[in-house]
Amino acid sequence: MSKTAMTKRVGRWAAAGLAMVVGATGLYAPEASAHGEKSQQAFLRMRTIHWYDLRWSADKVKVNDKMTVTGKFHVFKGWPETTANPQYSPAFLNIGIPGPVFTRVESYIGGQFVPRSVNLTLGENYTFKVVLQARRPGRWHVHTMMNVEAAGPIIGPGKWVQIEGTMADYKHEVQTLTGRTEDIEKVGTAGIYGWSFFWFLFGCAWIAYWAMKPLFIPRYLAVRDGVPEEDLCSATDVKVGIGFLCAAIVITALSYWSANASYPVTIPLQAGVIGVMDPIPAGAPAVEIGLEQATYRVPGRSVNIKIRVTNRGVNPVQVAEFETAGVRFLNPTVYKDDTNYPPQLLAPEGLTVDDNSPILPGHSRVITVTCTDAAWENERLADAIYDPDARFGGLFFFSDTSGFRHVVPIGGPLLPRFT
Ligand SMILES: [Cu+2]
């Protein structure tokens, strides 16, 4: 076979292959959903902020309706040393949504209004509340989120919320400190569009004036042939240039004075760190646990956690739940969830204990807790075993006979088992 025939044949095969790939990708067009929250490293989700007792006040709202996301979070003591922590870096309570589909109108930590960044203490628990106002219709995944400077956004559990209605009806009215009522969705938009458009046209006029003259090559040739540079600009060109310059300065100065006269009182956007937040007051822990060993069994998608539990309280206690990265494994004989928690993050019967009998006050017992669910793989938490520092973190919840839930953090090395 000649070389050209060979090249032609290879070309035809390549074209056919390309057509197949293009065709296949055209057929496979899954709907994009959520935020890729599972792509955030497992260690980051398991060993930073633990969100619990979460409630999304609604699954379905209308444009302009308000909803709240409330609950508590624990700042994990075994925070990864590779990640900036909120004890020293400013942290900002946020909500993880795909763009401004809701507006965050209020947020609180421990009852304190937190429109700005705060500092949090490792090992402490905090209550929080975020008030949202529905803006853009659609079905959106609403996550809790903590932004930590130099660490980035740390995402919590997400729940689907439907917004109905039309965005044109959206109104966000606030009263300014000088007593005016403004819809901040629309305030100043005429000025923004007007000025952007005006300066765009102004720039176009400047370019158009020069573009009408012979541009680069004729001028280059003229300079090369010895025409003095001064001759390239006529007296009219100089006058037009001065005219544009004066117009730009005069328009800027006049509009600046006019804006100042219309809005005599302005204060800058407030930034900076509010300070260290007040945690939930904690007395001496009634339930203490020590980790003996934790293993992840790859074929069974289950984590075995062997712990020594010491009951220093006055009531018998039982393991009710284990939580990590927002995934909740419940002990069905002790605790049932009635909060309408996102189902993909809930294993209502995912937790078993080798000895489930209550641990009496003053007693200490070694128990093995098994947490089994496909969520270990689906939520990509099992990836932690492939980390150079394979550790896990989570919260144990113990229920006592008075109905009280004790929250006890746990963390340590996670060993894989492949058989
Ligand atoms: Cu999401």
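Trainee: In what order do the five strands of the open sheet stand?

Mentor: Good place to start, and keep in mind that this is a predicted model. The pairing in this open sheet is antiparallel. Its edge strands are E1 and E6 (112–113), each of which pairs on one side only. Reading across the five strands, the order is E1-E3-E8-E5-E6.

Trainee: Over how many bridges do strands E3 and E8 pair?

Mentor: Strand E3 covers residues 66–75 and strand E8 covers residues 125–134. To find your way, look for Lys 66, which stands opposite Gln 133 in E8. The two strands pair in the antiparallel sense, and the number of bridges is nine.

Trainee: Which residue stands opposite Asn 94 in E9?

Mentor: Let's begin with the strands themselves. Strand E4 (residues 91–96) and strand E9 (residues 138–148) run antiparallel and are joined by six bridges. Opposite Asn 94, in E9, you will find Met 145.

Trainee: And which residue takes a positive phi in the hairpin of E9 and E10?

Mentor: E9 pairs with strand E10 (residues 152–164) in the antiparallel sense, over ten bridges. Within that pairing, Met 146 faces Ile 154 in E10. Three residues lie between the strands of the hairpin, and the one with a positive phi, near 75 degrees, is Ala 150.

Trainee: Is Phe 76 buried or exposed?

Mentor: First find Phe 76 in the loop between E3 and E4. A residue counts as buried if 20 or more other C-beta atoms lie within 10 Å of its own. Phe 76 has 21 C-beta neighbours inside 10 Å, so it is buried.

Trainee: How far apart are the C-alpha atoms of Phe 76 and Thr 48?

Mentor: Along the chain these two are 28 residues apart. Thr 48 is one of the residues that Phe 76 touches, and others include Arg 47, His 50, Gly 393 and Pro 409. The separation of the C-alpha atoms of Phe 76 and Thr 48 is 5.2 Å.

Trainee: How far apart do the C-alpha centres of domain 1 and domain 3 lie?

Mentor: The protein is divided into domain 1 (37–174), domain 2 (183–262) and domain 3 (287–417). For domain 1 and domain 3, the distance between the C-alpha centres is 24 Å.

Trainee: Which elements give two or more residues to the side of domain 1 that touches domain 3?

Mentor: The contact takes 19 residues from domain 1 and 21 residues from domain 3. By class, the domain 1 side has seven nonpolar, six polar and six charged residues. The elements that give two or more residues to that side are helix H2 (42–46), strand E1 (49–56) and E10.

Trainee: Which strand gives the most to the largest nonpolar core?

Mentor: In soluble globular proteins, nonpolar side chains tend to be buried together. Here the largest nonpolar core has 36 residues, and those touching the most other members include Met 46, Leu 351 and Phe 396. At least three of the core's residues come from each of domain 1 and domain 3. With five residues, the strand that gives the most is E21 (residues 391–400).

Trainee: How many residues does the second, separate core have?

Mentor: You have already met one member, Phe 76. Others in this core include Ile 49, Leu 120 and Met 277. The second core's residue count is 32.

Trainee: Why is the protein more spread out than a compact globule?

Mentor: The protein has six helices and 23 strands. For 419 residues the globule rule gives 22 Å, and the radius of gyration is well over that, so the protein is more spread out than a compact globule. Along its principal axes, the C-alpha trace spans about 100 × 85 × 45 Å. The radius of gyration itself is 31 Å.

Trainee: How many of the nine residues of helix H4 are buried?

Mentor: Helix H4 covers residues 216–224 and lies largely in the open. Just after H4 comes Gly 226, with a positive phi of about 95 degrees. The number of buried residues in H4 is zero.

Trainee: One more: where is Arg 301?

Mentor: Phi of Arg 301 is near 50 degrees, a positive value in a residue other than glycine. With 16 C-beta neighbours inside 10 Å, Arg 301 counts as partly exposed. Its place is in the loop between strand E14 (287–297) and strand E15 (302–311).

Technical notes:
Residues numbered from 1 in each chain as written. Predicted model: local features only at pLDDT ≥ 70, side-chain atom pairs only at ≥ 80, totals over all residues. Pairing = 2+ DSSP bridges. Helix = DSSP H or I, 4+ residues; strand = E, 2+ residues; numbered from the N terminus. Domains from an automatic or database assignment. Contact = placed C-beta atoms within 7 Å. Nonpolar A, V, L, I, M, F, W, Y, C, P; charged D, E, K, R; others polar. Rg over C-alpha atoms; globule rule 2.2 N^0.38 Å. Core = buried A, V, L, I, M, F, W, Y, C linked by C-beta atoms within 7 Å. Buried ≥ 20, exposed ≤ 12 C-beta atoms within 10 Å, placed from the backbone. Lists of a residue's contacts leave out its neighbours within four places in sequence.
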